[in-house]
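Let's take a walk through a protein model together. Have the picture open and follow along as we go.

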Amino acid sequence: MVFYYDVIVIGGGHAGAEAASASARVGANTCLITMDMNKIGQMSCNPAVGGIAKGQIVREIDALGGQMGLVTDATAIQFRMLNRGKGPAVWSPRAQCDRGKFIWKWREILDNTDNLDIWQDQAEELLVENGEAVGVRTIWGIEFRAKCVVVTAGTFLNGLMHVGRKMVPGGRCAEPAVTGFTESLTRHGIRSERMKTGTPVRIDRRSVHFEDMEMQPGETDYNQFSYFGPHRNLPQLPCWTFNTTPECHEVLRSGLEDSPLFNGQIQSTGPRYCPSIETKLVTFADKDHHPLFLEPEGSDTNEMYLNGFSSSMPLNIQLEALKKIPALRDVKIYRPGYAIEYDYFDPTQLYHSLESKVIPNLYLAGQVNGTTGYEEAGGQGLMAGLNAALKCGGKEPLVLGRDEAYIGVLIDDLVTKGVDEPYRMFTSRAEYRILLRQDDADARLTEKAYNIGLASTERLNWWKEKENGINHIIDFCQNYAIKPKEINSALESLGSTPLRFGCKLVDLVTRPQLSMKGLVSIIPELREEIEKLPNRNAEISEAAEIKMKYKGYIEREKIIAEKMHRLENIKIKDRFDYSQLHEISTEGRQKLARINPETLAQASRIPGVSPSDINVLLVLLGR
């Protein structure tokens, strides 16, 4: 039996769900093939979305017309804006979600997406004809033929789970691994390697002594992930924080010889920024405690996630160590923590569109590209699904620049630099953080997404309404006159220096000690202007304040980005035989030949390519 589509998406995780949704919404006849329709968007590890830089990616997905922000808001049981004590360039939203409701919200969205079919099955082989991807064959012998194939297989490719010395094939707990599919790609020249990740025990809240922990409540203000969806309405639950103990560490040390990470059983590389508890024990041997966070898995379950205790130690060691922590002295668990090894593919073999350089019409997204995290997967999935659909329609791909989106930084890092450990996004990876704030993702991306058919008219209209509101508040502040005698006593009460001369309101907004919230309390006319806004006035007011307060920094960073654009406009792909360019370094020749960068700017970001190498290329180009 053979079925025909424009785009086939393999895998129903965060990358696959966004890919299928994006492809279908821009008009491609799409089929999502997933092993279990009841686990679409499954949160394999922590049931949380966002965090440092990851929250910005989710805002960008939403601004582009993706679904992760909407799904998160509909299922959030705690929300926090991280890094509030720092500048707005690094403010990052994060939400704890109800794991079960998150899956079913995704299922509801995909079930009601036009141009999208869902098929429960397992892809067994990529079909390649004349060097191009033409479809897949499943374990039931069914062929799905398509113009483009998007692979988002997560950790399932030859997945192997570890608990102590016990090893079980699997893509994640209680789900089978996928064998053979990796080989159907590598036989055509795609390079694969192995990576490792892990997850902690799940705890029964009825066995926990919360009196020995510190409560960590969420925030109940206007903030959320989606700029235009309904406000989160589930019960908001606290998380809890506490520490490991020296006695806990002693038990863990006694089991190190049976740890897969230290007995040679696991050879692959794990995530640097999310280490297991046993790795922390060895790496930070002088520490007698490490922080832990107990987080709810949902509003209707007693299952809780122990953040900070990822482990693949033997079950008895995990359980005994936990009981050495006062708050967990009577602990009961639902399942142990485990490590998992899986296949990924070298992302330097991809174009910025996420299409394979080796097999045309094949797109790769998510953990198969060497990343870690739901948000990184969702961003890649949206771009891969979108670009696959655009190719089916004979259109150019959408490629986001490093000054346009964290998603652009993520994809450029992957295809330019490659990975030697699971990639995780941080604000420090972006050169233009002040341009990539969480509050202005729609300003950067929504019109662009609308013009290619990805963002809806409703999404565009909400952005236009927000943009008009921001401009109205800024215009009011630039024109509203302030007189010293009317404001000085109030300024002193807010800890700010009194005025000697009159000024415009914008001059007060830019003072570091003052905020829009404080100024509203002392300038009734400002409060009235904000209250006139038709929707989300607190959000709009904050966005206007950021633009006024950081105007100089924003403009300076735009100038720097414009300079880099000059190099982005210099195309060099296939213009040089790098092996013959002896004027540049040996490492530079090797890296340039392997990656064959599209532009001079991309070449400048390749590790091992020096500024002098770039200058040589400029000279050879006659520039």
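Which residues of α12 are buried? Before answering, keep in mind that you're looking at a predicted model. The buried residues of this helix are Arg459, Leu460, Trp462, Trp463, Lys466, Gly469, Ile470, Ile473, Ile474, Phe476 and Cys477. Here's a handy thing to know when you read a list like that: an α-helix has 3.6 residues a turn, so residues three or four places apart point the same way.

You can also check the length of α12, which covers residues 457-479. At 1.5 Å a residue, its 23 residues should span 33 Å, and the end C-alpha atoms are indeed 33 Å apart, so the two agree.

Now hop over to a pair of helices. Two packed helices are described by the angle between their axes and the distance between the axes. Helix α2 (residues 54-64) packs against helix α9 (residues 374-392) at about 30 degrees, and their axes are 9 Å apart. Angles under 35 degrees count as roughly parallel, so that is what α2 is to α9. Their crossing is left-handed.

Who does the touching? On the α2 side it's Lys54, Ile57, Val58, Ile61 and Leu64, while α9 brings Glu375, Glu376, Gly378, Gly379, Leu382 and Met383. Sort the residues of this contact by type and you get six nonpolar, two polar and three charged.

Stay on α2 a moment longer, as Glu60 is found there too. Is Glu60 buried or exposed? Glu60 has 0% relative accessibility, so it counts as buried. Leaving aside neighbours within four places in sequence, Glu60 is in contact with Ala405, Tyr406, Ile407, Ala441, Arg444 and Leu445.

Technical notes
Residues are numbered from 1 along each chain as its sequence is written. This is a predicted model: local features need pLDDT of at least 70, side-chain atom pairs count only at pLDDT 80 or more; totals for chains, interfaces and linings use all residues. Side-chain values use heavy atoms; hydrogens and water are left out. Axes are lines fitted to C-alpha atoms, for helices over the stretch in contact, and angles run from 0 to 180 degrees between N-to-C directions. Helices (H or I, at least four residues) and strands (E, at least two) are DSSP runs, numbered from the N terminus. Angles under 35 degrees count as roughly parallel, over 145 as roughly antiparallel, 65 to 115 as roughly perpendicular and the rest as oblique. A crossing is left-handed if the near helix is turned anticlockwise from the far one by less than a right angle, and right-handed if clockwise. Contact means heavy atoms within 4.5 Å. Ala, Val, Leu, Ile, Met, Phe, Trp, Tyr, Cys and Pro count as nonpolar, Asp, Glu, Lys and Arg as charged, and the others, Gly among them, as polar. The expected span of a helix is 1.5 Å times one less than its number of residues. Buried means under 20% relative accessible area, exposed over 50%, partly exposed in between (1.4 Å probe, protein chains only).
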